[in-house]
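Student: I'd like a close look at the sulfur chemistry of this one, please. After that, carry on outward to whatever else the side chains are doing.

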Amino acid sequence: MSQTIERSAQQHRPLPGQGRLVGKVALVTGGGSGIGRAAALAFAREGAAVVLAGRREAELKSVADEIIKADGRAVAIPTDVSQSDAAEKLIKGAIDCFGRLDAAFNNAGTEGVMAPITKLTAADFDHTMSVNLRGTWLLVKHEVEAMLAQGTGGAIVNTSSWLAKGAAPGSSIYSASKGALDAMVRAVALEVAANGIRINNVEPGVIDTPMFHRLDGGAVTVPLVAHTPAKRLGQPEDVGDVAVWLCTPEARFITGHSLPVDGGFTIAGMR
């Protein structure tokens with residue numbers, strides 16, 4: 001299925017020099033695999049130079065090499081967004097490499113520990129929040145500062161989750177971390193809209209990524225697909241393409257929103 005979607009994406013790729021983001025610089029965290037990789041490749045197809053960040057250096061370099069071989073521009077900067085000074089160093093590094101920052105997709109995250117609240121610890125809470133909420137908040141802070149200094153506006157997208165509004169047994173920490181992101185973008189959007197900076201979230205549903213399969217263990221794919229009106233797992237490109245679109249001129253009047261990308265999974269109603 002993913003090959004079919006990739007072939008479809010190839011048929012609609014912009015011609016060299018004709019993408020919607022030619023001359024722009026985009027940052028993608030969690031860019032080595034899954035949704036982040038799909039978004040990085042989509043940014044490159046739209047003409048942007050891409051800064052890839054994440055903890056797995058080999059995966060980041062592999063995606064960067066793929067972009068460069070396709071005549072794009074990319075650089076990999078290994079980063080752990082849970083570290084206190086990582087966000088500031090990453091944004092500075094991106095600007096040092098390409099001179100500016102126009103778009104950011106803050107996709108790095110962790111599922112943490114999924115378990116009943118009685119089995120979870122304060123350490124579990126702190127770890128998940130340090131990556132999903134604190135790390136993303138810090139990235140947004142430094143991205144906004146960089147875009148304000150440039151004076152040319154920009155677009156920021158974060159990866160939230162359907163679990164920000166929904167729930168699953170064991171998701172108390174993860175749901176809290178993603179629900180907080182949804183609240184955060186509304187406040188930041190109000191602060192920076194007049195400066196030409198937009199910020200939104202994507203809320204993936206059930207997506208065919210390594211994170212999903214770590215949680216799934218093969219036990220829940222069939223019922224989750226059955227519950228999805230689109231009757232399939234989402235693919236990384238389904239989310240990555242939306243994140244990139246939110247950074248293009250076509251989305252110029254959209255800010256402060258958390259957009260489900262879930263094939264209808266979260267629609268309430270009888271199935």
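Tutor: The sulfur of Cys-247 makes no bond to another cysteine, because the closest cysteine sulfur, in Cys-97, is 19 Å away and that is too far. A disulfide is a covalent bond between the sulfur atoms of two cysteines, and the cut-off used here is a pair of cysteine sulfur atoms within 2.5 Å. By that rule the disulfide count is zero. Cys-247 is buried at 9% relative accessibility, while Cys-97 is partly exposed at 40%. Those words have fixed limits: buried is under 20% relative accessible area, exposed is over 50%, and partly exposed is in between, with a 1.4 Å probe and protein chains only.

A quick word on where the numbers come from. This is a predicted model, so local features need pLDDT of at least 70 and side-chain atom pairs count only at pLDDT 80 or more, whereas totals for chains, interfaces and linings use all residues. Residues are numbered from 1 along each chain as its sequence is written, and side-chain values use heavy atoms, leaving out hydrogens and water.

Now for the charged pairs. Side chains of opposite charge can pair when their charged atoms come close. With a salt bridge taken as a side-chain nitrogen of Lys or Arg within 4 Å of a carboxyl oxygen of Asp or Glu, the count is twelve.

Lys-165 is a good one to zoom in on. At 60% relative accessibility, Lys-165 is exposed, yet it has two acidic partners that are buried: Asp-182 at 5% and Glu-203 at 3%. The closest N and O atoms are 3.2 Å apart in the pair with Asp-182. That bridge ties the loop between strand E5 (154–159) and H6 to helix H6, with the two residues 17 apart in the chain. In the pair with Glu-203, the closest N and O atoms are 2.7 Å apart. This second contact runs from the loop between E5 and H6 to strand E6 (residues 197–204), and its ends are 38 residues apart. Element names come from DSSP runs numbered from the N terminus: helices are H or I with at least four residues, strands are E with at least two.

Elsewhere, Asp-102 and Arg-100 meet side chain to side chain at 2.7 Å, N to O. Asp-102 is buried at 7%, and Arg-100 is partly exposed at 25%. There's also a salt-bridge network that links Arg-20, Glu-46 and Glu-250.

Zooming out, the chain holds nine helices and seven strands. Its radius of gyration is 18 Å, close to the 18 Å that the globule rule gives for 271 residues, so the chain is as compact as a globular protein of that length. That radius is taken over C-alpha atoms, and the rule is 2.2 Å times the number of residues to the power 0.38. The C-alpha trace spans about 50 × 40 × 35 Å along its principal axes, and buried residues make up 50% of the 271.
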